[in-house]
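Student: I should like to take a close look at a single helix and at what surrounds it. Could you please guide me through that part in one connected account?

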Amino acid sequence: ALAWKQTLPHVFPVMVCVLGGTGTGKSTLFNSLVGRSISAVGMRRPCTIRAVVFAHERWQSLLSGCPCLESDGVEAATVVPHTDPAIEYLILIDTPDFDSVELSNRRICEYFLVVSDVVVFVTSQEKYADMAGREVLDRTVQWGKNIVFVMNKVAADQAYDDLTEKLEALGHPFPPLK
């Protein structure tokens, strides 16, 4: 995946990967960002079993060479093309859960983490302190990825405040969005 990324032209869009744990609301946030419902949401877990890549049609041929679109010979992502010139240089990716019991879901998430430029890390007050999330966060920071934190489904400020303190202690300069 990294070798593919290094062959891309300088004008290739910024790749923004929405990732997080099971049931944190990644797909709901993704759908809000793209302005339409293209990634399945639901009560069944895991709900997202393939990545959804929202990209301008101009980039389809270059994206077709991305090894992240397939995992172990199985389709790992669905590319949804658009023609909106306002977001031509932005590719949004909704990933499966990194903490899924399904190994293939974790692998897909890993591949897209490697090629992403920006990570939108979605968590919830039930999941923000999970070890699986911390491991992904550590790798994201180690690889020098730009990261935005979102705490979804906040019912009490105590969890949000705790996450904010933890991120500050790790040197993250911005509080999570909620």
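Tutor: A residue is called buried when its relative accessible area is under 20%. The model before us is predicted, and the part I propose to examine is helix α2, which spans residues 26–34.

Which residues of α2 are buried? They are K26, S27, F30, N31 and V34. Viewed down the axis of α2, these buried residues fall within an arc of 130°, so they line one face of the helix. A general rule helps here: an α-helix has 3.6 residues a turn, so residues three or four places apart point the same way. The cover over the buried residues of α2 includes β1, β2, β6 and β7. Just after the helix, G35 adopts a positive phi of about 80°.

Let us now follow the covering strands into the interior. In soluble globular proteins, nonpolar side chains tend to be buried together. The largest nonpolar core here has 35 residues, and W4, F12, L19, V53, I91, F112 and F121 touch the most other members. Among the elements that give two or more residues to this core are β1 (14–20), β2 (51–56), β6 (90–94) and β7 (118–124); α4 (103–115), α5, β8 (146–152) and α6 (157–169) do so as well. The largest share, five residues, comes from α4. A second, separate core of 12 residues includes V18, V52, F54 and V120.

F112 repays attention. Leaving aside its neighbours within four places in sequence, F112 is in contact with C17, A51, V53, C68, L69, A77, I93 and T95.

Helix α5 (residues 131–142) holds T140. T140 counts as buried because its relative accessibility is 0%. Beyond its neighbours within four places in sequence, T140 has contacts with L113, V119, K145 and I147.

Finally, β7, α5 and α6 also meet at an open feature of the model: each supplies at least two residues of the lining of the largest pocket. This pocket has a volume of about 290 Å³. Its lining comprises 21 residues, of which Y128, A129, D130, R134 and L137 lie nearest the centre. The greatest contribution to the lining, four residues, is made by α6. By class, the lining has 11 nonpolar, five polar and five charged residues.

To return to the starting point, the buried face of α2 is covered by elements including β7, and β7 also supplies at least two residues to the lining of the largest pocket.

Conventions
Residues numbered from 1 in each chain as written. Predicted model: local features only at pLDDT ≥ 70, side-chain atom pairs only at ≥ 80, totals over all residues. Heavy atoms only, no water. Buried < 20%, exposed > 50% of the residue type's maximum accessible area, 1.4 Å probe, protein only. Contact = heavy atoms within 4.5 Å. Core = buried A, V, L, I, M, F, W, Y, C linked by side-chain atoms within 4.5 Å. Arc of directions from axis to C-beta. 1 Å grid on protein atoms, 1.4 Å probe; cavity = no way out; pocket = protein on both sides within 12 Å on 5 of 7 lines; lining within 4 Å. Points joined across faces, edges and corners; volume = space filled by probe spheres on them. Nonpolar A, V, L, I, M, F, W, Y, C, P; charged D, E, K, R; others polar.
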